[in-house]
Amino acid sequence: VGLLAIAAVWFFLTGETFRAYVQQEVVLRLENATGGKVSLRSFDLHFLPLRVQISDLSIAKESSPELPFLAIRTVEAYPHFVSFFGTPTLGTLTLRGPQLRVEVRPAGSTNIPQPRSSEGQELFRLLIEKLDLENGSVAYNQRQRNFSTQLEGVELSAWYLPSKGMYLGNFRHKKGNLQVGQ
């Protein structure tokens, strides 16, 4: 009976229904945290080792017809659980082709989505043992810089303060390097 129960749980966790549920939760949490419209082309969940792979992730301001605020060709994450009650930890997070675009229009409006909450809220807190950003770009009003980076011991957190219309963030890392190009 025990072996049958283990097989049933394994079948459920590796099945399409569970994968679709996790994908939907990821999209909903990203939309709630950013206030943007989140889309992705594919979401794969693998076990042994635990790995999440997302293709063509984008976050855009819902009312903006422009290119998305954030687009990432591939996200690959290896989460591990230090504690169920502590800060989420990723062993490795690799972002391939991340593109961050900020457009400020003459009237001062931007393409940056805003969380829907009327109260200040922590958007996320995350620990990452190894962060790789490959072939990334940051653009501000059509001026673009390309970059790649490898960092270790990363701590990230962000808050949104709607009363001030601003974001606050905290970023720390123990060691790493950054390559910036034109």
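The questions and answers below walk through one predicted protein model.

Residues are numbered from 1 along each chain as its sequence is written. In this predicted model, local features need pLDDT of at least 70, side-chain atom pairs need pLDDT 80 or more, totals for chains, interfaces and linings use all residues, and side-chain values use heavy atoms, with hydrogens and water left out.

Reader: In what order do the elements of the protein run from the N terminus on?
Author: Helices (H or I, at least four residues) and strands (E, at least two) are DSSP runs, numbered from the N terminus. The protein has two helices and nine strands. Their order is α-α-β-β-β-β-β-β-β-β-β.

Reader: What share of the residues in the protein is buried?
Author: Buried means under 20% relative accessible area, exposed means over 50%, and partly exposed lies in between (1.4 Å probe, protein chains only). The protein has 182 residues. The buried share is 34%.

Reader: How far does H2 reach from its first C-alpha to its last?
Author: H2 covers residues 16-34 and has 19 residues. The expected span is 1.5 Å times one less than the number of residues. For H2 that expectation is 27 Å, and the helix comes close to it. Its reach is 27 Å.

Reader: Which residues of H2 are buried?
Author: An α-helix has 3.6 residues a turn, so residues three or four places apart point the same way. Ala33 counts as buried because its relative accessibility is 17%. Thr34 counts too, because its value is 18%. The full list is Phe18, Arg19, Val22, Val27, Glu31, Ala33 and Thr34.

Reader: Is Leu30 buried or partly exposed?
Author: Leu30 is found in helix H2. Its relative accessible area is 27%. Buried requires under 20%, and exposed requires over 50%. So Leu30 is partly exposed.

Reader: Which backbone oxygen lies 2.8 Å from a polar atom of the side chain of Thr34?
Author: A polar contact is a pair of N or O atoms within 3.5 Å; within protein, one must be able to donate a hydrogen and the other to accept it, and residues adjacent in sequence count only if both atoms are side-chain atoms. Thr34 lies in helix H2. The oxygen at 2.8 Å from its side chain belongs to Leu30.

Reader: Which residues does Thr34 touch, not counting residues up to four places away in sequence?
Author: Contact means heavy atoms within 4.5 Å. Under the sequence limit, Ala33 touches Pro115, Gln121 and Leu123. Leu30 is in contact with Gly35, Val38 and Leu57. Thr34 touches Ile59, Pro113, Gln114, Pro115 and Tyr167.

Reader: What separates the C-alpha atoms of Ala33 and Gln114?
Author: Ala33 lies in helix H2. Along the chain, Ala33 and Gln114 are 81 residues apart. In space, their C-alpha atoms are separated by 8.5 Å.

Reader: Which residue just after H2 takes a positive phi?
Author: H2 runs over residues 16-34. Just after H2 comes a phi of about 80 degrees. The residue is Gly35.

Reader: How many bridges join S4 to strand S5?
Author: Two strands pair if DSSP finds at least two bridges between them. S4 (residues 70-80) pairs with S3 (residues 51-60) in the antiparallel sense over seven bridges, and Val52 stands opposite Ala77 in S4. S4 and S5 (residues 89-102) also run antiparallel, with Val75 opposite Leu95. The bridges joining S4 to S5 number ten.

Reader: How many residues of strand S9 are buried?
Author: S9 spans residues 175-181. Seven bridges join it to the antiparallel strand S7 (residues 143-161), and the bridge partner of Phe147 in S9 is Val180. Still, S9 is hardly covered. Among its seven residues, the buried count is zero.

Reader: Which residues form an aromatic pair?
Author: Rings of Phe, Tyr and Trp (its six-membered ring) pair if their centres lie within 6.5 Å; planes under 30 degrees apart count as stacked, over 60 as edge-to-face and the rest as tilted. The count comes to one aromatic pair. That pair is tilted, at 4.7 Å centre to centre with 50 degrees between the planes, and its members are Tyr160 and Tyr167.

Reader: Is Tyr160 buried or exposed?
Author: Its partner Tyr167 is partly exposed, with a relative accessible area of 35%. Tyr160 has a value of 3%. Because that is under 20%, Tyr160 is buried.
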